Every structure is written in C-alpha cells, then in structure tokens.
Amino acid sequence: MKIIMLGAPGAGKGTQAKKLAVKYKIPHISTGDIFRLNIKAGTPIGLKAKVYIDQGQLVPDDLVVELVIDRLKQPDCERGYLLDGFPRTIPQAQALDAALDQKNDSIDCAIDVNVPDENIIKRMSGRRACLNCGATYHIEHIPPKKEGICDVCGNDLILREDDKPETVKKRLEVYHKQTQPLIDYYRKKKKLLSVDGTKDMDAVFNNIMKALEA
Ligand code: AMP
C-alpha cells in the first residue's frame, strides 16, 4: 500500500499517518520529522531547511524531492509506505509520479484530512513539543502530567517556532496557495479520499479505514 496524507498543517494528518502505518505495517515517512532530525543534528540539509521552516515557508522542492526519492529506495519501502507531508507542491507530486513511473509503479491513494483554518489556529497554538525526544502534547487535549515538562524524558516543553500563531497563519497561506492544488491533482487521477478531520482522532481514523476499504 502506498499512501499519501494530504491536509493543512495541524489537520491531524501526522497522527492519522502514524496509526495507518502501524495498521498496514509500512514505514511512516514524514518529511517534517526528517527535517527536524537534521536540524537537531546540525547537518547541511538541516541548516538549509531551518531558515525556511522557521518562517513558515516550504523548503525548496529540489531539496525535498531528492531526500524523499532516496528514502523510497530503502528496502523497508518495498511493501509500500505512507508519505506524510510530501508532496506539498505540484512539482513535488510530478517528481514523485515520474520516479514511480520509471518502475511502472504508482501510489494507491491520497487521503485529504479536511479541517477549517479557524480550528487549526486554535489547535496549533496549544501544541507543545519536547525538543529532546520528539514527544508532542496539547495543553487541552493531551496535557503532560506536569505542566511544561515532558512525560517521557523530563525535558522542558516548548511551543515550536512554526506552531506560533503568526507562523501558523503564514503556513496556512502557503498551504492554500501551494499544497491545496494537490487535492484536485489527485482527484483528477481518481486517487483522492477525503475525510472530515474535525471529529475526534478515533472517528477520523475509522472514517479513513472505511474509505480505504470501500
Ligand atoms: P510538517 O511537520 O510536515 O508540518 O513540516 C514542517 C515544515 O517542514 C514545513 O512547514 C515545511 O517548512 C517543511 N516541509 C516538510 N515537508 C515539506 C515538503 N514536502 N516540501 C517543502 N517543505 C516541507
């Protein structure tokens, strides 16, 4: 199974992606996670990407495409994969299609987790992350046991630079302009599944499963 998760930043696609990857026993490939790991490790890719990420901008296509196409060549991707946060632009989608085409392959479906902007701004300003171990929380929905402290490793929790309201607004603008056109792109290819992402996490997951099995 080769699945793409679409949806605005903060729509909950990452959470759903993790659950689906477990269900189908396929690797969960999140370009955002890959960049964050590279930033933490101070790699050249991380240093380049950080400038864009901190401003709510997309990292340039060539940097992302190379990273993902390389990742898909790993043996764990042979049985499929779940792409979370990629593609995010039409040129990225075309580059992915072209790379798969060469192997007579194609993705199975693109899942759009649909959530209005107002809900997203509310959700994201409540997110807290541990920069040490990567655990994420939400001050209302998934609070840590002790305020501001990671349950897993005891480090301080922070509001990520790219989750701050002004950056979220910028990211939504970027999403509508550059990523939303992918919904039509996959609809035209008859690969699109759309689900209401405003419901609770389990309901969204059940709806995705129903749509996949229909
Ligand atoms: P995410 O965790 O998926 O929201 O990604 C965090 C940030 O990483 C995004 O706001 C972008 O700056 C960058 N990023 C992740 N995936 C991509 C992509 N496919 N194309 C360009 N930039 C990306």
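**Cut-offs at work: salt bridges, exposure and strands**

Me: Why does Arg 187 count as partly exposed?
Reply: In this predicted model, Arg 187 has 48% relative accessibility. Partly exposed lies between under 20% and over 50%. So 48% puts Arg 187 in the partly exposed class.

Me: What makes Arg 187 and Asp 184 a salt bridge?
Reply: Their side chains meet at 2.6 Å, N to O. The cut-off is within 4 Å, so the pair qualifies. Both residues lie in helix α8 (residues 181-188), three residues apart, about one turn of the helix. Asp 184 is partly exposed, at 40%.

Me: How do you know that Asp 70 forms a salt bridge with Lys 73?
Reply: The closest N and O atoms are 3.9 Å apart. That is within 4 Å, so the pair counts.

Me: Why is Lys 73 called exposed?
Reply: Its relative accessibility is 62%. Exposed means over 50%, so Lys 73 belongs there. Its partner Asp 70, at 40%, is partly exposed.

Me: What makes Arg 160 and Asp 163 a salt bridge?
Reply: The N to O value is 3.9 Å, and the limit is 4 Å, so the pair passes. Both residues are buried, meaning under 20% relative accessible area. Arg 160 and Asp 163 also belong to a salt-bridge network with Arg 127 and Arg 171.

Me: How do you know that β5 and β7 pair?
Reply: They share two bridges, in the antiparallel sense. Pairing needs at least two, so the criterion is met. One bridge joins Cys 130 to Leu 157 in β7.

Conventions: Residues numbered from 1 in each chain as written. Predicted model: local features only at pLDDT ≥ 70, side-chain atom pairs only at ≥ 80, totals over all residues. Heavy atoms only, no water. Helix = DSSP H or I, 4+ residues; strand = E, 2+ residues; numbered from the N terminus. Buried < 20%, exposed > 50% of the residue type's maximum accessible area, 1.4 Å probe, protein only.
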